[in-house]
Amino acid sequence: MDPTRRKILTTGAAATAIAARQRVFAQEAAPGTGARFYEKGSVRIAYQEAGSGFPLLLIAGGGLNSTLAGLATMPFNPVEEFKGEYRCVFADLRNANRGESAGPLEIDRPWDSFADDHLGLMDHLGIDKFMVLGFCIGGPFIWNLLKRAPNRVVAAVPAQPVGFRPEAPNVMYDGSMTSWVPQFLKRRPDVTKETVEKFLTKMFRTDADFVFTVSRDFVRCCQTPVLIMPDDVPSHPLAVAMECAMLAPKAEVSMYPWKEPKERIPLAVRQAHSFLKAHRPA
């Protein structure tokens, strides 16, 4: 057999075996996690639901390691806070190391691939219009959802949102290389380090600015009500959060700081409740 053809066949067989092992692992893990799965092509997304009422998509922080379990470690647990009034939907991010979701790295459209997963999951659940609350990397995800599905997202809450910090332009890239890449490559020997670097470069270095996923002109014209809960750490620049609040015509801002002292958190959560209730369709 031609050596090149043998290499291609061997690589393909290895990738198929890895995908099969991942699927078996996810199926076996499901009873313990309570997760269900949405599948589309080569993408498999683990998700959960809690509560009832108008749909509310929840996105945990943690960068590319965002998982549904991670919601319990956020400054407040949005599942516990909102499941009494809303149908909460939450999922593991595609390829998060401690999650059960998996799929290809779409190096030419990383942000849109995650939006595909969020919107595809809502389609799978028969949900048309919904609200969304997301922490950290959920900020760029939310702005992309507002761009991709402006008639579906009726209100949004970016909490401690990620943004581009000019004085530290590689914060998100370097953080992902440290916290996500090593374990991901161990789990996915079918993916090369070069592919991962291209993926992260497209996400965080190519035309890096503002909130990564949309322009200032988009935010200036966005008619979706938005409650911004600012933060100010290297990956969550206060300046970007406040610029979004000033540009977006229907934006509101929580108190700042709202995470410290911890006695302030219930007040910020109360504002989130009021905001979502005010914009929840009848």
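**Reading a pocket and a helix face**

Q: Which helices each supply at least two residues of the lining of the second largest pocket?
A: Helix H3 (110-124), helix H4 (138-148) and helix H7 (193-204) each do so, and H3 gives the most, with three residues. Helices here are DSSP runs of H or I with at least four residues, and strands are runs of E with at least two, numbered from the N terminus. This is a predicted model, in which local features need pLDDT of at least 70, side-chain atom pairs count only at pLDDT 80 or more, and totals for chains, interfaces and linings use all residues. Residues are numbered from 1 along each chain as its sequence is written, and side-chain values use heavy atoms, with hydrogens and water left out.

Q: How much space lies in the second largest pocket, and which residues are closest to its centre?
A: Rolling a probe the size of a water molecule over the atoms shows where empty space is left. A pocket is an open set of points on a 1 Å grid where a 1.4 Å probe fits, with protein on both sides within 12 Å along at least five of seven lines, and lining residues have an atom within 4 Å of a point. Here the space is about 230 Å³, filled by probe spheres set on the points. Of its 14 lining residues, Pro 110, Trp 111, Lys 202, Phe 212 and Thr 213 are the closest to the centre.

Q: Where do the buried residues of H5 lie around the helix axis?
A: An α-helix has 3.6 residues a turn, so residues three or four places apart point the same way. In H5 (residues 171-179), Met 172, Tyr 173 and Ser 176 are buried (under 20% relative accessible area, 1.4 Å probe, protein chains only). Seen down the axis, these buried residues fall within an arc of 100°, so they line one face of H5; the arc is taken from the directions from the axis to the C-beta atoms. They pack against helix H6 (181-187) and H7.

Note on methods:
Buried means under 20% relative accessible area, exposed over 50%, partly exposed in between (1.4 Å probe, protein chains only). Contact means heavy atoms within 4.5 Å.
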